[in-house]
Amino acid sequence: MSKNAKIAAGGVAAGIILLIWLPWWAALLIVLGVPAAAYLTLDSGQRRRLRRVTRKELGR
């Protein structure tokens, strides 16, 4: 299994556990809030590089 597949599987498992332990709105807030907060902690050069790599992977 590739590294990205392991990360995705861990994310799914964490999401299921959150849905069991917390109300759906709290789990949704965590699932959406953590990546958003991580993105906002990047400086402008890192954000630009991340957008460029993401576009390149999409084939644009």
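Here is a walk through the structure above, from its overall build down to single residues.

First, some ground rules: this is a predicted model, where local features need pLDDT of at least 70, side-chain atom pairs count only at pLDDT 80 or more, and totals for chains, interfaces and linings use all residues. Residues are numbered from 1 along each chain as its sequence is written, and side-chain values use heavy atoms, with hydrogens and water left out.

How sure is the predictor? Its confidence in each residue is called pLDDT and runs from 0 to 100. For the protein chain the mean is 83, and 90% of the residues reach 70 or more. Helix α2 (residues 24–40) has the highest confidence, with a mean of 85, while helix α3 (residues 44–58) has the lowest, at 81.

Now follow the chain from one end to the other. You'll find 3 helices and 0 strands, and the pattern reads α-α-α. Helices (H or I, at least four residues) and strands (E, at least two) are DSSP runs, numbered from the N terminus. The radius of gyration is 15 Å, well over the 10 Å that the globule rule gives for 60 residues, so the chain is more spread out than a compact globule. That radius is taken over C-alpha atoms, and the rule itself is 2.2 Å times the number of residues to the power 0.38. If you'd rather think in box sizes, the C-alpha trace spans about 40 × 30 × 15 Å along its principal axes.

How much of the chain is buried? Just 5% of the 60 residues count as buried. Here, buried means under 20% relative accessible area, exposed means over 50%, and partly exposed is in between (1.4 Å probe, protein chains only). The chain exposes about 5300 Å², with carbon and sulfur atoms supplying 69% of that. Such areas come from the Shrake-Rupley method with a 1.4 Å probe; for residues, only the protein chains shown count as cover.

Let's zoom in on helix α2, starting with A26, which lies in this helix. A26 is buried, with a relative accessible area of 13%, and its C-alpha atom is 13 Å from that of A14, 12 residues away along the chain. L28 also lies in helix α2, but L28 is partly exposed at 43%. The C-alpha atoms of L28 and G15 are 8.8 Å apart, although 13 residues separate them along the chain. Then there's P35, another residue of helix α2, partly exposed with a relative accessible area of 48%.

One side-chain contact is worth finding: the charged end of R47 sits over the ring of Y39, 5.3 Å from its centre. To count, NZ of Lys or CZ of Arg must be within 6 Å of the ring centre and within 35 degrees of the ring normal.

Finally, an unreviewed UniProt entry places a "transmembrane region" at residues 12–42. In this model, that span is 87% helix and 0% strand, and its end C-alpha atoms lie 24 Å apart. UniProt positions are given in the numbering used here, feature names are shortened, and annotations may be inferred rather than shown by experiment.

Definitions and conventions
pLDDT = per-residue confidence, 0-100.
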